[in-house]
There are 2 protein chains.
Amino acid sequence: MKKAVVLLSGGIDSYTVAAIARKDGFILYALSFDYNQRHKYEIQAARRIAESLSVKQHIVSQLGFLRDIGGSALTSSIPVPENRSDMSDIPVTYVPARNILFLSYAVAWAEVLGACDIFIGVNAIDYSGYPDCRPEFIAAYQQAVNVGTKAGVNGQFFCIRTPLIGMTKREIILAGRAVGCDYSLSISCYQADSHGLACGACDSCLIRMKGFQDAGVPDPTQYRIR
Amino acid sequence: MKKAVVLLSGGIDSYTVAAIARKDGFILYALSFDYNQRHKYEIQAARRIAESLSVKQHIVSQLGFLRDIGGSALTSSIPVPENRSDMSDIPVTYVPARNILFLSYAVAWAEVLGACDIFIGVNAIDYSGYPDCRPEFIAAYQQAVNVGTKAGVNGQFFCIRTPLIGMTKREIILAGRAVGCDYSLSISCYQADSHGLACGACDSCLIRMKGFQDAGVPDPTQYRIR
């Protein structure tokens, strides 16, 4: 059985990716981040998910730097936009270089573990328009880490696996259920409170709600306004 | 005046790069890391250098993750090789994905600051053979961050500046002295003690010593064995 590092945020996408990786026979090493994000509750969700998937190891790494530098609604006092109808621009919830940082941690760990596979739940269909979720970024980043690591230059090719990148949220939810995901363990809301109640109005809630609706699957999320 | 983020380790190369950037008129934002490295004394050197260059801000970020995962002589109990005569292979002092991580922090900060320029003192001539110090990695990484950030896709092109990449250590030292570097502030040793005394035997000490010798410049380093 091969090892894989899986980035686990606590949301639907990373949960689904981790469950798919496990189904594919990988031994999972899950990696989450505490960057004092507004939706810090997601770390609890990530812990629940990691446990439910029997991951070999789960590291929740401190990344307070992202809060220190700010620049995002998720890491500063900038309000989270609610009930946006047009999601075509990159919103203020974009966190500078977040996936670049997360993937860099994952590559470092994978190199030490001797793992070639890194799973990330990026999706470029039903998403917030973040540039670090697009296939062109993933391809360029994979190229960079394969020339910038000892493992890479020694022929241990790192593969950044993004099984959800071309799927709709509906397809993701159906794929996740097919591999046993219990989405009541997950949280997507950008401003979930300390009890795990979702706002029902941020981009992430809107995309999640529509996903369950389109999939014809009951939404297990607990919302605080409805 | 334009802002630049400068990765500052406390050694000769990053000091020289920072001094060159300052001479070129940049407002400096210096970034160092505490990853419980064996040569933690270098952080003190970085602080002295940052102060001497009147940087606008100096962040020393915690990156204990690198120690947690280990895999290097600089972050675990693996001994640092001494008096190596053949430096053609990648040694055990290689830290997995270190520059990938450091640059990712720098890009995140640069994006928030609205800075396009990131300076890093990598050098592919008199160096330890680390793959993340080579021009092909820098080029690939720069490509990745320009497609993976909001700033990048909006046309704020990030440039990873590596003015030393093709220089010998002799040339670096002469260039640094020309812009006022006082190398007694710096430390290169991989196993410097808490007083800042260098071992004189690790790769980094050997390369540094030869550099001063070749440059015909007195070596200000204080060694504990000699």
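What follows is a short walk through the two-chain model, from its symmetry to the sheet and the core.

The model is predicted, so local features need pLDDT of at least 70 and side-chain atom pairs count only at pLDDT 80 or more, while totals for chains, interfaces and linings use all residues. Residues are numbered from 1 along each chain as its sequence is written, with chains lettered from A and ligands numbered from 1 in the order in which they are written.

Chain B lands on chain A after a rotation of 180° with 0.0 Å of shift along the axis, at an RMSD of 0.0 Å (least-squares fit on C-alpha atoms of residues with pLDDT of at least 70 in both copies). The two copies are thus related as by a two-fold rotation axis. Both use the same surface, as 100% of the contact residues of chain B recur in chain A; contact here puts the C-beta atoms of two residues, placed from the backbone, within 7 Å.

Each side brings its share to the interface: 38 residues from chain B and 38 residues from chain A. On the chain B side, β3 (57–62), α3 (65–69), α4 (98–113), α5 (135–148) and α6 (150–153) each supply at least two residues. Helices (H or I, at least four residues) and strands (E, at least two) are DSSP runs, numbered from the N terminus. The largest share of that side, 10 residues, belongs to α4(B).

Within chain A, five strands form an open sheet in the order β3-β2-β1-β4-β5, with parallel pairing (pairing takes at least two DSSP bridges between two strands). At the edges sit β3 (57–62) and β5 (159–161) of chain A, each pairing on one side only. Strand β2 (residues 27–34) of chain A is joined to β3(A) in the parallel sense by six bridges, and A:Asp34 stands opposite A:Gln62 in β3(A).

Two helices of chain A meet this sheet. Helix α1 (residues 12–23) lies across β1 (3–7), β2 and β4 (117–119) of chain A, at about 170° to β1(A). Helix α4 (residues 98–113) of chain A touches β1, β2, β3, β4 and β5 of chain A, and its direction makes about 165° with that of β1(A). For these angles, axes are lines fitted to C-alpha atoms (for helices over the stretch in contact), with values from 0 to 180 degrees between N-to-C directions.

The largest nonpolar core has 151 residues, and A:Val6, A:Ala18, B:Val6 and B:Ala18 have the most contacts inside it. Such a core is a set of buried Ala, Val, Leu, Ile, Met, Phe, Trp, Tyr and Cys residues joined through C-beta atoms within 7 Å; buried calls for 20 or more other C-beta atoms within 10 Å of a residue's own, all placed from the backbone. Leaving aside neighbours within four places in sequence, B:Ala18 has contacts including B:Val6, B:Leu28 and B:Phe119.

Definitions and conventions. Buried ≥ 20, exposed ≤ 12 C-beta atoms within 10 Å, placed from the backbone.
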